[in-house]
Amino acid sequence: SFPTRRSSDLELLQQLQPFGVNRLVWLEQTHSTKVYRATDQVEYAAVNADAIVTSEQGVACMIMTADCLPIVLTDAAGQEIACIHAGWRGLLNGVIENTVVAMQHKPTHAWLGAAIGPNAFEVGAEVCAAFTEHDLDAAIAFTAKSNCKYMADIYQLAKLRLSKLGITQVSGGESCTYQQTEQFFSYRLQPKTGRMATFVVIKPEQE
């Protein structure tokens with residue numbers, strides 16, 4: 001039997017087994033910069049973190065989003081993977097950087113899942129100021145509005161951080177959870193909504 005945190009875990013695990021998944025690892029996400037390394041030890045309780053790293057085969061690292069940005073990282077040889085839940089607070093405070101530090105193999109590739117797009121993500125001036133105080137280059141990810149607000153491009157903010165870490169092989173980042181309502185959930189559009197699960201796994205080697 002499999003230990004489950006959600007009643008639907010066993011059903012989901014069965015659906016993912018064709019992809020080589022034999023165990024699920026979920027997080028208790030709090031918009032932190034904490035990174036958890038999944039080992040061969042089975043977790044029986046939710047882990048408080050916003051990123052998962054593993055070198056274990058068959059372990060699905062999963063995060064949940066509904067406007068925040070899912071990021072998947074891997075090294076060139078696929079020896080290690082990471083799955084990151086990145087809202088603007090996590091991005092600002094270094095969740096990507098912390099994840100890279102936690103990885104034993106230098107990540108070279110990144111994939112950006114569906115998040116709120118640059119035409120829908122309105123933020124206050126304080127958010128823009130916080131990012132530009134950290135890095136002046138972040139200004140390119142913000143467009144000023146007449147109401148003293150800004151439109152923010154969370155994809156661009158993530159790509160800037162990734163680039164400065166030497167990760168330039170980046171794919172994805174073309175969707176908008178807020179506008180593509182038939183495909184995605186959006187917390188900002190509808191607070192009572194579902195969540196999308198993003199998972200990444202190292203497939204077990206064939207014997």
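## Sheet

Trp 111 faces Ser 171, which sits in strand 13. Strand 9 (residues 107–112) runs parallel to strand 13, and four bridges join the two. Helices and strands here are DSSP runs numbered from the N terminus: helices are H or I with at least four residues, strands are E with at least two. Two strands pair if DSSP finds at least two bridges between them.

The sheet is open and has six strands. Their order is 3-5-8-7-9-13, with mixed pairing. Strand 3 (35–38) and strand 13 (169–172) are the edges. Each has a single partner strand, so one side of each lacks a neighbour in the sheet. On average, neighbouring strands of this sheet are turned by 20 degrees against each other, direction ignored. Strands of a sheet pair through backbone hydrogen bonds, parallel or antiparallel.

## Basis of the model

This is a predicted model: local features need pLDDT of at least 70, side-chain atom pairs count only at pLDDT 80 or more, and totals for chains, interfaces and linings use all residues. Residues are numbered from 1 along each chain as its sequence is written, and side-chain values use heavy atoms, with hydrogens and water left out.

## Helices on the sheet

Helix 3 (residues 95–102) packs on the sheet. Helix 3 touches strand 3, strand 5 (51–54), strand 7 (69–75), strand 8 (81–86) and strand 9. Contact means heavy atoms within 4.5 Å. The direction of helix 3 makes about 165 degrees with that of strand 8. Axes are lines fitted to C-alpha atoms, for helices over the stretch in contact; angles run from 0 to 180 degrees between N-to-C directions.

Helix 5 (residues 154–164) lies across strand 7, strand 8, strand 9 and strand 13. Helix 5 runs at about 25 degrees to strand 7.

## Positive phi

Most residues other than glycine have a negative phi. Asp 67 is not a glycine, yet its phi is positive, about 140 degrees. Asp 67 lies in the loop between strand 6 (59–65) and strand 7. Its relative accessibility is 10%, so Asp 67 counts as buried. Buried means under 20% relative accessible area, exposed over 50%, partly exposed in between (1.4 Å probe, protein chains only).

Cys 148 also has a positive phi, near 70 degrees. The loop between strand 11 (142–144) and strand 12 (149–152) holds Cys 148. Cys 148 counts as exposed because its relative accessibility is 61%.

## Pro 18

Pro 18 belongs to the loop between helix 1 (9–16) and strand 1 (23–25). Relative accessibility is 65%, so Pro 18 counts as exposed. Leu 157 is 139 residues away from Pro 18 along the chain, and their C-alpha atoms are separated by 34 Å.
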